[in-house]
Number of protein chains: 4
Amino acid sequence: MSCVAEPPTVLVAGGSGYAGALAARLVDRHPGFALAAVTSRSDAGRPLTDLYPHHRVDAVLEEFDIDVHGDVDAAIVAYPHGAAAPVVAALRERGVRVVDLSADFRLLDRDAYERWYGPHGAPELFGCGVYGLPELYADQIARADLVANPGCYPTATLLALAPLAEAGTIADVVVDAKSGVSGAGRTPSAATHFVSMTENVVPYKVGAHRHMPEIDQELALLGSPVTTTFTTHLMPLDQGELVSCYVTTSEPWDQARVDAAYRGWAADLPFVDIVGTPPGVRDVRDTNVCRLHVRCDPRTGKVLVFSAIDNLWKGSSSQAIQNLNLMYGLPETTGIEAW
Amino acid sequence: MSCVAEPPTVLVAGGSGYAGALAARLVDRHPGFALAAVTSRSDAGRPLTDLYPHHRVDAVLEEFDIDVHGDVDAAIVAYPHGAAAPVVAALRERGVRVVDLSADFRLLDRDAYERWYGPHGAPELFGCGVYGLPELYADQIARADLVANPGCYPTATLLALAPLAEAGTIADVVVDAKSGVSGAGRTPSAATHFVSMTENVVPYKVGAHRHMPEIDQELALLGSPVTTTFTTHLMPLDQGELVSCYVTTSEPWDQARVDAAYRGWAADLPFVDIVGTPPGVRDVRDTNVCRLHVRCDPRTGKVLVFSAIDNLWKGSSSQAIQNLNLMYGLPETTGIEAW
Amino acid sequence: MSCVAEPPTVLVAGGSGYAGALAARLVDRHPGFALAAVTSRSDAGRPLTDLYPHHRVDAVLEEFDIDVHGDVDAAIVAYPHGAAAPVVAALRERGVRVVDLSADFRLLDRDAYERWYGPHGAPELFGCGVYGLPELYADQIARADLVANPGCYPTATLLALAPLAEAGTIADVVVDAKSGVSGAGRTPSAATHFVSMTENVVPYKVGAHRHMPEIDQELALLGSPVTTTFTTHLMPLDQGELVSCYVTTSEPWDQARVDAAYRGWAADLPFVDIVGTPPGVRDVRDTNVCRLHVRCDPRTGKVLVFSAIDNLWKGSSSQAIQNLNLMYGLPETTGIEAW
Amino acid sequence: MSCVAEPPTVLVAGGSGYAGALAARLVDRHPGFALAAVTSRSDAGRPLTDLYPHHRVDAVLEEFDIDVHGDVDAAIVAYPHGAAAPVVAALRERGVRVVDLSADFRLLDRDAYERWYGPHGAPELFGCGVYGLPELYADQIARADLVANPGCYPTATLLALAPLAEAGTIADVVVDAKSGVSGAGRTPSAATHFVSMTENVVPYKVGAHRHMPEIDQELALLGSPVTTTFTTHLMPLDQGELVSCYVTTSEPWDQARVDAAYRGWAADLPFVDIVGTPPGVRDVRDTNVCRLHVRCDPRTGKVLVFSAIDNLWKGSSSQAIQNLNLMYGLPETTGIEAW
């Protein structure tokens, strides 16, 4: 009998997409977890390095089979919305602790879910996920068996607005979000063709982005029920997301007060940087860091918050690792130190 | 004696910057004007093709000399703010009709000018410019001798908001503007280094962009006095500008009413397209066209307007040609047909 | 009866791809031709502006029907290799003069054609095309009814090497070609996904590019039979092609002699610029110009030639216009003046 | 007295440039070294995170002072050519082991050095550096006190050609090199302005790149004296370098033989991948890996080798770490595992 505990084994289900592949790489390099397998519906049988040479993960993609893959400690599920829930349910039935990257377990209102995403794939589990934004819910995440990893836009937006939302001061908010093309996923289309996007910037899903109900739900839970004006734009870059928030407050704030609120809140958060100049998305590329810049506009009284993340890292896969770290009692930063 | 009138001669002063060089090209190709000369403070003596091979203008940059260059019919002045006014004054003294690309003659409030730009270089002419947005002021432009070509952001923003401003319905507006790097000018700097901007997007001049007073002045003149929340972002592309406007109206509007207002307004405007899907900046690259998409958001009641232009064309040099066309009684589209 | 001749009518067949759509725009703006119709196999019924807003061509794509579309003076056929030949044959049967953008009528050796492209779609016409490189074959093109528009790589390469090839001095040549992503066509794929190509450069079709036999055929016809080493690379940009040629000559050349050869040859060519510094592809973007820089390397005795074109313009669609101009006795530059 | 050895302390001199800043980051994260200080001539007093937020190195740039900074175990010197030598000499005098990123100690022929770089800044040390390409000179590097880190182009080229050079079979070679803009350094200029390079590709320093003598020197030492035809091109991307080599061999090779030679050679090299498809530069971004693809062209008999590296990593700073690892008896991959 060994006195050294084996590290928990982690499955990545859905490893051929951008988020799943990055999750596989992060688990593979993680000192506290062992990568058990990587599955893929579309590319089973292919080495992961064929699809993602730069990730340098030595694994062959496998067809998902609960009898083969159910015997792990934990799983990161990177399936599309709707398709994720049944896989999550099967894994939970075997006792596997799950971080789900889809939207299937983020919302609390089932009508809202079905309006935006269609029928739910595992109704018995609906609402059972802990919302996996560690800066807000670290304690619940530590005890959770099912963590619903937030969407990339909600991650950037909620970190931008948390101190104001908790103060109950958000009377109105416009969120103008800008994302790199990796956010649109790996499936080739006219919209993601290089020629379509180079030298271009274009609004998309105006008034209809699925991340809207998720943002409003969480802002309300924090203390500021509000209907967010939320618009997304595609930019000619790969990874990176900038969210520009324009907040009308219900009472006047000044720069000193917002600074105090944000710096106090972020003081113990290893992955939130409050910075004195507006952040560029390159500042946080390939990191789990969210960089925030907050400004009171004396002309209008509005509070402006700029929030930069890497949509594939903090907006998805490295945040999943951060959640797994909490679930297994590891330091939050293990394996995703500020790279 | 010929019965064919000679075309008016046009000087381009300040032809080594992006806007001036493009103006030189547009005049050079124009069927109704003759390019008299192109001057430059920094590059006198060099062929313009050395600096801008793709413009293919066969001209050597000259040192500006009013005795040499004052004998033209018209001039486009592409000097920096502050430096433009004295040159404009000298040209006006010789009776030259001027389109000035700088901010020196856009503002009506001299205190505001000096706060944002410093001392004015030709106080006797302050306020004498006609604001050169042809979609709003065609008649005045036709009679003007000094036209103040609008800034690129005001152009995109005012075209986006004109029908609402004229209706006096703008209670509050957030303008989130995104520009290509050419908007930052030709002078090399750390911020415009390729490595700084590729795969990046970054807010700049937050709360302090000089185009703010120009926008507010014009919105008030149109009928909606408002303090605009205006923020600019640099994007990793060359030419192109997208302005996303979020309008809180003082009374409820619905989609049918905004459609009617915008389509009615634009019906006779050759360079304004009202389109059914959000415009990308590539849709208007290298054209004088402004593409607008207007949406009422039923969730919040806000009116969203997305406005795409080419910052160097409609945002500067081709708009100068449009103004010159009006000043000389030519069809507005001459030489800048929808290319 | 009018004494003013109607301009020739021109059909563009295959207008939904990059080359066909640009051809439609160039015909539409052309002062000497009338755009009769634009056809498309995949997008019939859609306005061309839906697919290409920036081309601003007011035409609805139609299903090709020889009974409807055969009654034109000329046609530009922009079909894929193999599919073009039957359409060309049908048009020729009606007496329509054709510029074909595909490879179907470029090669003279039918075995070579079939090895690279498969069975030919109109064997009776094989070899009947005049090779449409106007800088070499203007006289034949003027009399031709069927012009085989060259490939983009052969265009750049043959213009780079023509003076040396005609001197019979090419003993060996390495051609390292670099192209923007538009050269890979409009069909979305993993290889053309924005995320695949941004910040990337990658060799493709190494040792197997179909333009190799075309280049070798033409170099031999010019006087230098040689087996070219030809390799293509995809670069992270839209339009633009740079061909770097490294020539081992059969006898020594010096800089003065190559300069004289190239400048003498290009003196009367309106679209070939011999320049003193290495050309960038942006120098020729959206133009029909080929920019050449020639250098003798005293260390090795090799002659280096760098050739920049826009792969969609001089490499395809504007060259088709240049050919049409010659076929109809118009000045070669009509409608494609150095823009 | 502690029984645990303190890790060697490492100074990074010249930390405000791209290569020095990355070196500082790699030392800072390295498990076997301690970052002693980072110096800068131009930015002393500024936090390194001001210049490079994404490196996340908590250090203030200091003015170099041999009395302050000479008391370290090792140094990475990232000064410009010419300026490096005196700093290296001062450090060597204090017994500091040095990896120098400049060209000052790479060449063995002093005339050649002075022809390309001007007077040498520490003639007494000229020729004393061990050429720091670990795949070729690991043993010498392990014993060296002064390692001359290779240039980025020589690194990619020599790894591409080593097996052929050692076989003495290179009769002639054309090297067509393509680099991202970071290779041109951090100093802003017209050539590195975003607007100059986006959508562009341009040859530069044709026939005159300083890396030529370095490449020829090393090929000769390996067994193939040859005058390389070497041309560099700037591409619109940040980090990444692709070198396409076209080798005329002195005797015939076939695919099996080249495969055997390359795979045999690379079998024990942790950072050289021989791959079956042409590599893209993104495959190796932010890694110390060189990816090689080798192809015999049956049409011409030439051997084609494509070599992709990250110019800032394997082409400079991570290779410096690889050298330091060897110098201190650490596993070659420490701190630069395949990320």
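These are my notebook entries on a predicted model, covering confidence, two chain pairs and one helix.

**Ground rules.** I number residues from 1 along each chain as its sequence is written, and chains are lettered from A and ligands numbered from 1 in the order in which they are written. Local features need pLDDT of at least 70, side-chain atom pairs count only at pLDDT 80 or more, totals for chains, interfaces and linings use all residues, and side-chain values use heavy atoms, with hydrogens and water left out.

**Confidence.** I started with pLDDT, the predictor's confidence in each residue, from 0 to 100. Chain A has a mean of 96, and 98% of its residues reach 70 or more. For the model I noted ipTM 0.96 and pTM 0.96.

**Chains A and B.** I looked up contacts (heavy atoms within 4.5 Å) and found 39 residues of chain A touching 39 residues of chain B. Glu199(A), Arg282(A) and Arg299(A) provide 19% of the area that chain A buries against chain B, more than any other three residues. Buried area here is the accessible area (1.4 Å probe) that two parts lose on being put together, summed over both. For this pair I have about 3600 Å², with 59% from carbon and sulfur atoms. Every one of chain A's interface residues (100%) is also an interface residue in chain B, so these copies meet through the same surface. Chain A superposes on chain B by a rotation of 180° with 0.0 Å of shift along the axis, at RMSD 0.0 Å; the fit is by least squares on the C-alpha atoms of residues with pLDDT of at least 70 in both copies.

**Chains C and D.** Next I turned to the other pair, where 39 residues of chain C contact 40 residues of chain D. The trio Glu199(C), Arg282(C) and Arg299(C) supplies 20% of what chain C buries against chain D, more than any other three residues. A 180° rotation with 0.0 Å of axial shift puts chain C on chain D, RMSD 0.0 Å. The two copies are therefore related as by a two-fold rotation axis.

**Helix α11(D).** Which residues make up helix α11 of chain D? I find residues 313-327 (helices are DSSP runs of H or I, at least four residues, numbered from the N terminus). Its end C-alpha atoms span only 18 Å, whereas a straight helix of 15 residues would span 21 Å, taking 1.5 Å times one less than the number of residues. I then located a kink of about 45° centred on Gln319(D); the bend is the angle between axes fitted to the seven residues ending there and the seven starting there. Of the 15 residues of α11(D), 15 are buried, so the helix is largely enclosed by the rest of the structure. Buried means under 20% relative accessible area (1.4 Å probe, protein chains only). Last, I noted that Gly329(D) follows α11(D) and has a positive phi, near 70°.

Methods. Helices (H or I, at least four residues) and strands (E, at least two) are DSSP runs, numbered from the N terminus. Buried means under 20% relative accessible area, exposed over 50%, partly exposed in between (1.4 Å probe, protein chains only).
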